[in-house]
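Reader: I would like to go through the labels used for this model. Please give the reasoning behind each one.

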Number of protein chains: 2
Amino acid sequence: MGTTTAVNDVNIAAVAGLAAKIKTEPEVAATQWKATVTWKGAFRSESRVRDFAPVPSDEPAGLGGGDTAANPVEQLLSALGNCLAVGYAANATVAGIEINDLSIDLEGDLDLRTFLGLADDNAGYSGIRATVHLDAEATEAQLAELHAKVIGTSPVGHTLSRPVPVEITLA
Amino acid sequence: MGTTTAVNDVNIAAVAGLAAKIKTEPEVAATQWKATVTWKGAFRSESRVRDFAPVPSDEPAGLGGGDTAANPVEQLLSALGNCLAVGYAANATVAGIEINDLSIDLEGDLDLRTFLGLADDNAGYSGIRATVHLDAEATEAQLAELHAKVIGTSPVGHTLSRPVPVEITLA
């Protein structure tokens, strides 16, 4: 495949091509992403993104749900992990580092009191931790550099660690 | 079903039971949520939560991906929409409001330059908007009150709008 490097199976030419295009057409960098969520009764809902199959959402039984799918705060952790996986794959490929195995354990602490109406404080995560298990053909120094690069460029990581203006309007 | 109200099919007894339990055992409110992400080659990965089927992740072709699933920043929008859906269902049920239809359109603005290594700034969303389409048996004043309640108690909404300490470590 002419557009796929031998390393990590990543189509780094597409990434480089996009970066080159943005240098001459900066407006290409300003992207917009979308999703549509439909309520399905009780605490079930599903999300649609582009033309992909809908992804279900539910709450555990202890929270009044039907326990049929990951809940929204678990989905948030998944999004962070998936984003870090892309970051490692992309930056390792640029650095010529072959990844043998990569997995990421994520956990977050959340006080339910505000969600349940027992407090009027932060309903969200007070802290999130990601532990990266990376087996790759590189020195410790190279891995540390790769790690720093991934953390410094992670769209979901930055979204979570920074305050984002979130506008929620009733149409 | 003794534990399911007639309204919105929500098991509000389970939610009320949890709230009552937290009043006498405050430590029950301190929850921890988890996910594990496994890299599958290129920009593909999958996330596992509890015993549910893994959910795939990929990037669009323009970003070097295989275009087989929603990407992490789209998953983040989905998590917000699913969280708001739970919030509406829960709070409408408590208020005795029957929901006929509920869908939520989400969009977010993201400058790709930091992710692509062309800048050293915010790689994440600069802004997120959710537009809620709610058809429910309630007055406009009741809907406005419901909306305010949902926004004030949304775990994912608060996580996104507040800076969260995110620790990412290489094991």
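Reader: What makes Glu107(B) partly exposed?

Author: This is a predicted model, and the values are computed from it. Glu107(B) has a relative accessible area of 23%. Buried means under 20% and exposed means over 50%. The value falls in between, so Glu107(B) is partly exposed.

Reader: Why is the contact of Glu107(B) with Lys34(A) called a salt bridge?

Author: The N to O distance is 2.8 Å. The cut-off is within 4 Å, so the pair qualifies. Glu107(B) lies in strand β4 of chain B and Lys34(A) in strand β1 of chain A, so the salt bridge joins two chains. Lys34(A) has a relative accessible area of 45% and is partly exposed.

Reader: How do you know that Glu74(B) is buried?

Author: Its relative accessibility is 2%. Buried means under 20%, so Glu74(B) counts as buried. Glu74(B) also forms a salt bridge with Arg50(A), with the closest N and O atoms 2.8 Å apart. That pair crosses between chains, from helix α2 of chain B to the loop between β2 and β3 of chain A. Arg50(A) is partly exposed at 39%.

Reader: What makes Glu46(B) buried and Lys40(B) partly exposed?

Author: Glu46(B) has a relative accessible area of 17%, under the 20% limit, so it is buried. Lys40(B) has 42%, between 20% and 50%, so it is partly exposed. The two form a salt bridge, with the closest N and O atoms 4.0 Å apart.

Reader: Which residues do shared salt-bridge partners join into one network?

Author: Lys34(A), Glu107(B), Asp109(B) and Arg129(B). Over all chains, the count comes to 16 salt bridges.

Terms used: Residues are numbered from 1 along each chain as its sequence is written. Chains are lettered from A and ligands numbered from 1 in the order in which they are written. This is a predicted model: local features need pLDDT of at least 70, side-chain atom pairs count only at pLDDT 80 or more; totals for chains, interfaces and linings use all residues. Side-chain values use heavy atoms; hydrogens and water are left out. A salt bridge is a side-chain nitrogen of Lys or Arg within 4 Å of a carboxyl oxygen of Asp or Glu. Helices (H or I, at least four residues) and strands (E, at least two) are DSSP runs, numbered from the N terminus. Buried means under 20% relative accessible area, exposed over 50%, partly exposed in between (1.4 Å probe, protein chains only).
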